Amino acid sequence: MQCYLLVAFELPTASRQGDFFMEVKLPNWIPDNVDLFVARKIRQLRKEQKISVSKMARYLNIPPQKLKQSEQALCPLSAGLLSQIAYALGCDLQDLFPPRFIRSDPIKEMSRKISDFRSFSEELIRAYLIGAPDDNG
């Protein structure tokens, strides 16, 4: 679905011959910061590996123009294409995204919390035992 914005101008009275209308075509998609980050990351990784746009586009089975637009965040990328791009660049899909979007492994996270709690508990017990009054005195 294409969106349009109708803009109306009122001309100065001295040269007024009527109102002027202009139709402005709005983009179907406006990239956000994550889209921009992903686009730049794809371009950066491709260039680091010295892979040309045409070679990568052939591998991905897309027109080179589509890859160029993707690297400029001018068009959205499907999950499937993102996955293919990551594979072509020899990286994990999460490597294309900003660090704040990468979640840690829940099992590792829980193990870390348990370990932290265990350490804290041991310190508490030690502090209590060291600070406890003597039974003899």
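Q: What do buried, partly exposed and exposed mean here?
A: Buried means under 20% relative accessible area, exposed means over 50%, and partly exposed lies in between, with a 1.4 Å probe and protein chains only. In this chain of 137 residues, 18% count as buried. This is a predicted model, in which local features need pLDDT of at least 70, side-chain atom pairs count only at pLDDT 80 or more, and totals for chains, interfaces and linings use all residues. Residues are numbered from 1 along each chain as its sequence is written, and side-chain values use heavy atoms, with hydrogens and water left out.

Q: How much surface does the chain expose?
A: Accessible areas come from the Shrake-Rupley method with a 1.4 Å probe; for residues, only the protein chains shown count as cover. The chain exposes about 11,100 Å². Carbon and sulfur atoms supply 56% of that area.

Q: Which pattern do the helices and strands follow along the sequence?
A: Both are DSSP runs numbered from the N terminus: helices are H or I with at least four residues, strands are E with at least two. The chain has two strands and five helices. Their order is β-β-α-α-α-α-α.

Q: How many salt bridges are there?
A: Side chains of opposite charge can pair when their charged atoms come close. The rule asks for a side-chain nitrogen of Lys or Arg within 4 Å of a carboxyl oxygen of Asp or Glu. The count is two.

Q: Which residues pair with Glu 71?
A: Arg 43 is one partner, with the closest N and O atoms 4.0 Å apart. That pair links distant parts of the chain: Glu 71 sits in helix α3 (residues 64-71) and Arg 43 in helix α1 (residues 33-48), 28 residues apart. Arg 46 is another partner, with its closest N and O atoms 2.6 Å from those of Glu 71. Here too helix α3 is joined to helix α1, across 25 residues. Arg 43, Arg 46 and Glu 71 thus form a network of salt bridges.

Q: Are these three residues buried, partly exposed or exposed?
A: Glu 71 is buried, at 7% relative accessibility. Arg 46 is buried as well, at 6%. Arg 43 is partly exposed, at 41%.

Q: How many disulfides does the structure hold?
A: A disulfide is a covalent bond between the sulfur atoms of two cysteines. The test is a pair of cysteine sulfur atoms within 2.5 Å. The structure holds zero. Cys 75 is buried at 11% relative accessibility, and Cys 91 is buried at 17%.

Q: What share of the contacts join residues at least 24 apart?
A: Contact means heavy atoms within 4.5 Å. Among contacts between residues at least 6 apart in sequence, the share is 49%.
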